[in-house]
Amino acid sequence: MSNLQESLTKELLRTNRSGAYSCSTIVDCNTRKYHGLLVVPVPDLDNENHVLLSSFDCSVIQHGAIFNLGLHKYQGDNFSPNGHKYIREFNCDKVPTTIYRVGGVILQREVVFQHYEDRILIRYTLLDAHSATTLRFHPFLAFRSVRQFTHENNTANRDYQEIDNGIKTCMYSGYPELYMQFSRKPTFHFDPYWYRGIEYPKEQERGYASNEDLYVPGYFELPIKKGESIVFSASTSEIKSRRLSALFKKEVEERAPRDNFFHCLINAAHQFHIREKNDDRYILSGYPWFKCRARDTFIALPGLTLSIGEPEYFEYVMKTSERALRQFMKDEPITGKMVEVQQPDVPLWAIWAIQQYSKHIGLEKCKEKYGDLVKELVMFIEENHHPNLHHDDNGLLHTEGKEKAVTWMNSTANGHPVVPRTGYIVEFNALWYNAIEFSAALADAVHDKAAVDHLHAMAAKTKESFLKTFVNQYGYLFDYVDGNYTEWDVRPNMLFPCAFDYSPLDASQKKTILDICTRELLTPKGLRSLTPKSGGYNPIYVGPQSQRDYAYHQGTAWPWLLGFYIEANLKLFKRSRLSFLQRQLVGFEDEMTQHCIGTISELYDGNPPFKGRGAISFAANVGEILRASELLEQYKIQLTKPKEEHA
């Protein structure tokens, strides 16, 4: 903790279910403009999150001496007031807990983010002290979008009002009031001051502006005795202060422990849940800057819900998603928070997600809940109603992606896709073949012979064209084919038809593809987006935006692809690669203590040491690692059953 080179690289994320969050480093020094103690959506302003309370510095006062436990980075590589040197212990098995020692004073700080409310709660407990002790608290206010900075100005409102054991204030019109309250009555000293030149090194690394000024309206003071606890609340709504201590205890009891790899992933999975006031449910694609993107939702959903025994949340999210899909198919305005529903592979991934539901719940129940939706999505594509997904006479799907990125490899530079995947795209058509056959299975469940025959005929045509179009003489698949152009670069998208339940490939073709993926793409942190043998290989995701755009899908490793890699290997090689596949997850156990504690980053460098980059927590990665863990566990259980049970 005292070594800032180590501690500033580790971040903590706490969330509720509205998209609000609290995020900083483990020493509470903000290193990103996205960091803040209370970061909330403000729908009346825009669809971004906004930092209201940036940080909350605590000072210990004894015999007139002040020891500030806060930490900020200022311009010129200056850190102040260096409160991290007082840290003696830190853990986050249940909730993030820091123990400070200042002489004979031992102070414990615990933090939780209240479920379903935009409220951060901090409990300070004086574990030991040999003389009278006072705590002083300075709130650093920002009141700005996570994509902007605030600077000293004369328009910021300095007014405040005293409320139950605290104050409320609002710096700018359009923002909600910030309520800062304690479980005991403090003394508030109005002492307005702008702290200038606070710097965020992560923004410097990313080539962005990195400096801002933060406003401190004054400070709170209150005495504390040995063994006593004080709970602080910062929120967009007032609370009865006498409830704070009980509320904090209740929130701690509801937290899932993060005492092992699996529990960490469950905790991370729940952080992506978004619940609206109208009871719409979503999956947030990642923190701290992603929205509820449709493709990410359907890829992540099975792992985030079904693999941890929560099929009811799958149904909640799918109910909301089904509305968006139907609105899109009817060419109606899409209501709600889900974005990018128009991407051509979204309906295909939706069918894949429903297929995973059927494997957990059963084909009959799946048919009852989602049979009509699957049928309509297949017909929507088959009859060429999608604006950018053309069902050709040869049975394949054709997509225009030269001018606008349309696949998960969606980085752009100078307004054009870095990887212009267009024409016949390999995973689109693998998803399509799988969707047709799954739709046929649903039709067969209700004995609709005409539909089954029609769908099998479609699938046969698609299979024949798929093999002619994508299989090359070297035994792997072209990434995309556009007219006479074929993309020869080895990319992981050819992995999907090896993993899907219904595949146009035979076993020997799958084996060759998996062997190539293992040799050229597999890393301890997922699969590379491009083989190192390619001249365009660019595996290190660093530097300014343009530099990162060219590396985003040109060699970086993506953990969510590992879920499909493991599934394909289990289907093809069964027990012979079980121990090898189990070892692939070991690298992610170490990751629970890196980058963002207890979760998985968006992507990793394609070369050693495979450092985590991008968003600090990514839903598809957490979801697919959970699904891969479940697949491995199920397979181990099957192997331990008596032979007669297998028979």
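**Cavities, the largest pocket and the setting of Pro 139**

The lining of the second largest cavity comprises, by class, seven nonpolar, two polar and three charged residues. This cavity belongs to a predicted model, in which six cavities of 30 Å³ or more are found. The points below take up the second largest cavity, the largest cavity, the largest pocket and, lastly, the surroundings of Pro 139.

**Second largest cavity**

- The second largest cavity encloses about 100 Å³ of space, and helix H5, which spans residues 294-305, gives the most to its lining, with three residues.
- The residues that line the second largest cavity include the charged Arg 293, Arg 295 and Asp 296, and among the others are Ile 299, Trp 408, Asn 410, Tyr 552 and His 553.
- Also part of the lining of the second largest cavity are Trp 558, Trp 560, Phe 618 and Ala 620.

**Largest cavity**

- The volume of the largest cavity is about 190 Å³, and of the 18 residues that line this cavity, Asp 28, Ser 55, Phe 56, Asp 57 and Arg 109 lie nearest its centre.
- Two or more residues of this lining come from each of strand E2 (21-25), strand E3 (36-41), strand E4 (49-62) and strand E10 (105-113), with E4 giving the most, namely five residues.
- Sorted by class, the lining of the largest cavity has nine nonpolar residues, together with six polar and three charged ones.

**Largest pocket**

- The largest pocket holds about 920 Å³ of space, and its lining is made up of 35 residues, of which Ser 18, Pro 41, Pro 43, Glu 276 and Lys 337 lie nearest its centre.
- The elements that each give two or more residues to the lining of the largest pocket are E3, strand E19 (273-275) and strand E21 (286-287).
- By class, the lining of the largest pocket divides into 16 nonpolar, seven polar and twelve charged residues.

**Pro 139 and its surroundings**

- Pro 139 lies in strand E12, which covers residues 133-145, and this proline is counted as buried because its relative accessible area is 0%, where the cut-off is under 20%.
- When neighbours within four places in sequence are left aside, Pro 139 is in contact with Leu 53, Ser 55, Phe 56, Met 180, Tyr 215, Val 216, Pro 217, Gly 218 and Phe 220.
- Among these contacts of Pro 139 are Ser 55 and Phe 56, two residues that are also listed among those nearest the centre of the largest cavity.
- Pro 139 and Ala 234 are separated by 95 residues in sequence, whereas their C-alpha atoms are 9.8 Å apart in space.

Definitions and conventions
Residues are numbered from 1 along each chain as its sequence is written. This is a predicted model: local features need pLDDT of at least 70, side-chain atom pairs count only at pLDDT 80 or more; totals for chains, interfaces and linings use all residues. Side-chain values use heavy atoms; hydrogens and water are left out. Helices (H or I, at least four residues) and strands (E, at least two) are DSSP runs, numbered from the N terminus. Buried means under 20% relative accessible area, exposed over 50%, partly exposed in between (1.4 Å probe, protein chains only). Contact means heavy atoms within 4.5 Å. On a 1 Å grid over the protein atoms alone, a cavity is a set of points where a 1.4 Å probe fits but cannot get out, and a pocket is an open set with protein on both sides within 12 Å along at least five of seven lines; lining residues have an atom within 4 Å of a point. Grid points are joined across faces, edges and corners, and a volume is the space filled by probe spheres set on the points.
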